[in-house]
Amino acid sequence: MTPSILLLVAVGVLFAAGVTLLLERTLTRVLLGVILLGNGANLVILLAARPGGPPIIGAAEVADMTDPLPQAMILTAIVITLGMTAFLLALAYRSWRLTGEDEVQDDIEDHRIMELAERAEASDAADVDAEDDGGDESDDDGMTEGEEA
Amino acid sequence: MTWLVPLPVVMPLLGAAVTLLMFRRPRVQRAVSIAVMTSTLAVAAALLALSSAGPLVVAVGGWPVPLGIVLVADRLAALMLVVSSGVTLCVLLYSIGQRAADGDEAAPLAVYYPAYLILTAGVTNAFLAGDLFNLYVGFEILLAASYVLITLGGTETRVRAGTTYVVVSLLSSVIFLIGIGLVYAATGSLNMAQLVARLDAVPDGVRLLLQSMLLLAFGIKAAVFPLSAWLPDSYPTAPAPVTAVFAGLLTKVGVYAIIRVETLLFPGGRMADVLMVAALATLVVGILGAIAQSGIKRMLSFILVSHIGYLLFGIGLSSRAGIAAAVFYTVHHIVILTTLFLVAGLIERQGSTAMERLGGLARTAPVLGLLFFLPAFNLAGIPPFSGFIGKLGLMSAGVNEGSPLAYVVIAGALLTSLLTLYAVGRVWNLAFWRAPACAFPEGQSRPSSRLMLAATTALVVAGVALTLVAGPLYDFSDATAAELLARAPYVHAVLSGGAQ
């Protein structure tokens, strides 16, 4: 089986563009990236099949038929991608309704985790005085809970 | 008795359809959901009993075996089915109780029960799948349902957390799909039993590529360390029952897929060292993240990630003892983590899950104290609980292996065990043991209904019972590992399965 160079290049382009878009912060671009990647994956599956005549008895000799199984799989994958795309679109719309933008705001989440960690450190330090050896306590603005322990 | 095999997939799907049609009648929805989950559990138990005689195989639609879809219930699949359906039933009861307690009768979220049942169908389908593409479909079914559940209600925090989860899951699905395409291109088959023979003919380099593609996809789903950052970010914001069932099942479906692929398709442990290093990193990084947290749910999410490392360690050893311990530990992990997330949900109803705000729960809510204490110290691996037995099994399997890397991972595993004890001990000290920290404003704490407590108690009892049945269960895990490593029973049962 010799794979078509044209399709291979198309797969490469789709993957490259898809990954680039997936790394964006805007949800609609992420969505486009997912769609491109999904189509790239479908092409990979298509490439796995031997090209040939239609897999219908009577329309072609059995030896010349293309392998119909990858096409069935691609159909399934397309349906799944369609559903996911619809859901992501709804999610992006919801996000836009709630915040006025559809950027993925992982910064706030990260910041919150760091803050939580700092606060936990502070409360630990207050719990066990003996272990109090590290952690810069210069920015312990959320340290009110340390006093109870 | 092979007609039983498709039922764990078919029943929840039909149940989902019925509950979706009955969206105006929450009472019917509840009754149907409970009936479906109870019968799924019963069927799973029957399959478990039958699977000892050899894998049960069903060719769906009567297509001859290598062509059509096969469902296979061998020991591993049946064991996972029993544990997962038991856990989902308890969480379902808990969520029904929560709904009753919160008076959501007036405005029921009609989509909850259908999504929950579809999630169950996806999980069971993934466990029973006999070919890679059906495994992919199982993953997609459960993921699609989980997207709905994790963004339930569509509040701002849930949408944000859900976005991370959805995008990462989509990426792992695409990687899995590409892996499937490549496997098909290399071998011309996706039936796992047929792949066993065909992969032997594939050149080594190509086989390594296929293996790493699949492991990468499953690694994201199982939250293995470098690929685990999404989990603690997205799980804690979802409703308590949703987080509980996600924590119990979704990552373990990934682990199940890793076990299946590593033992059946790519035996010989070529990626064993990679898995061991990933196990070590997952264990240590996860638990270090956990002790830094001050929210109980978030801490549990990190512990969840960390303890996936134990499972990987067992798989990485790729010996019979290692796989057996990993299977046993998976059962323990599913039950205990689900229980703890449910208990965290109960604690949340006292006002908060932030440890610095909680206090004196041992006095104000002694039952809650007991419900937390037992699974938490089970998790930390205190003898005689099942966590101890599982860890002991893993360690002794590691010592049997005897390689320097195995000893390093054992050291990391011991450290993780100690730090887990520290982490849950801290929760115990801060939330339960010390004097009340501050009074919560009126209306912030909500009473828990009796059903919620009953469901949680049932899981706690199940967790303790794992110790009582540890002997038979460990024997079963051992037989499972033997069956997995032998490969021939599975292959023979599947390839001759369509003939009957």
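Colleague: Let's start with Tyr136(B): does Tyr136(B) count as buried or exposed, and at what relative accessibility?

Modeller: Happy to help; this is a predicted model, in which local features need pLDDT of at least 70, side-chain atom pairs count only at pLDDT 80 or more, and totals for chains, interfaces and linings use all residues. Residues are numbered from 1 along each chain as its sequence is written, chains are lettered from A and ligands numbered from 1 in the order in which they are written, and side-chain values use heavy atoms, with hydrogens and water left out. Buried means under 20% relative accessible area, exposed over 50%, and partly exposed in between (1.4 Å probe, protein chains only). Tyr136(B) therefore counts as buried, at 3%.

Colleague: Which class of aromatic pair do Phe133(B) and Tyr136(B) form?

Modeller: Phe133(B) is buried too, with a relative accessible area of 9%. The two residues are 3 apart in helix α5 (residues 132–150) of chain B, which means about one helical turn separates them; helices (H or I, at least four residues) and strands (E, at least two) are DSSP runs, numbered from the N terminus. Rings of Phe, Tyr and Trp (its six-membered ring) pair if their centres lie within 6.5 Å; planes under 30 degrees apart count as stacked, over 60 as edge-to-face and the rest as tilted. With 5.5 Å centre to centre and 45 degrees between the planes, this pair is tilted.

Colleague: How many aromatic pairs are there over all chains?

Modeller: Some of the rings are linked into a cluster by ring pairs: Phe87(A), Tyr147(B), Tyr165(B), Trp230(B), Tyr235(B) and Phe246(B). Over all chains, the number of aromatic pairs is 23.

Colleague: How far apart in sequence are the parts that Phe127(B) and Tyr256(B) tie together?

Modeller: Phe127(B) and Tyr256(B) are both buried. Their ring centres are 4.9 Å apart and their planes stand at 75 degrees, so the pair is edge-to-face. Phe127(B) belongs to helix α4 (residues 112–128) of chain B and Tyr256(B) to helix α10 (residues 240–265) of chain B, so the parts tied together are separated in sequence by 129 residues.

Colleague: Which backbone oxygen does the side chain of Ser169(B) reach?

Modeller: Ser169(B) sits in helix α6 (residues 156–187) of chain B and is buried, at 7% relative accessible area. Leaving aside neighbours within four places in sequence, Ser169(B) is in contact (heavy atoms within 4.5 Å) with Leu143(B) and Tyr147(B). At 2.8 Å, the side chain of Ser169(B) reaches the backbone oxygen of Tyr165(B).

Colleague: Turning to chain A, what distance separates the C-alpha atoms of Thr66(A) and Ala49(A)?

Modeller: Thr66(A) is in the loop between α2 and α3 of chain A, and is buried with a relative accessible area of 11%. Beyond its neighbours within four places in sequence, Thr66(A) has contacts that include Ala49(A), Pro51(A) and Gln71(A). Thr66(A) and Ala49(A) are 17 residues apart along the chain, and their C-alpha atoms are separated by 6.8 Å.

Colleague: And the interface: how many salt bridges does the rule find between chain A and chain B?

Modeller: The contact takes 43 residues from chain A and 40 residues from chain B. A salt bridge is a side-chain nitrogen of Lys or Arg within 4 Å of a carboxyl oxygen of Asp or Glu. Across this interface, the number of salt bridges found is 0.

Colleague: Which element gives the largest share of the side of chain A that touches chain B?

Modeller: The elements giving two or more residues to that side are α1 (5–22), α2 (27–48), α3 (68–99) and α4 (106–127) of chain A. The largest share, 14 residues, comes from α3(A).

Definitions and conventions:
Polar contact = N/O pair within 3.5 Å; in protein donor to acceptor, adjacent residues only side chain to side chain.
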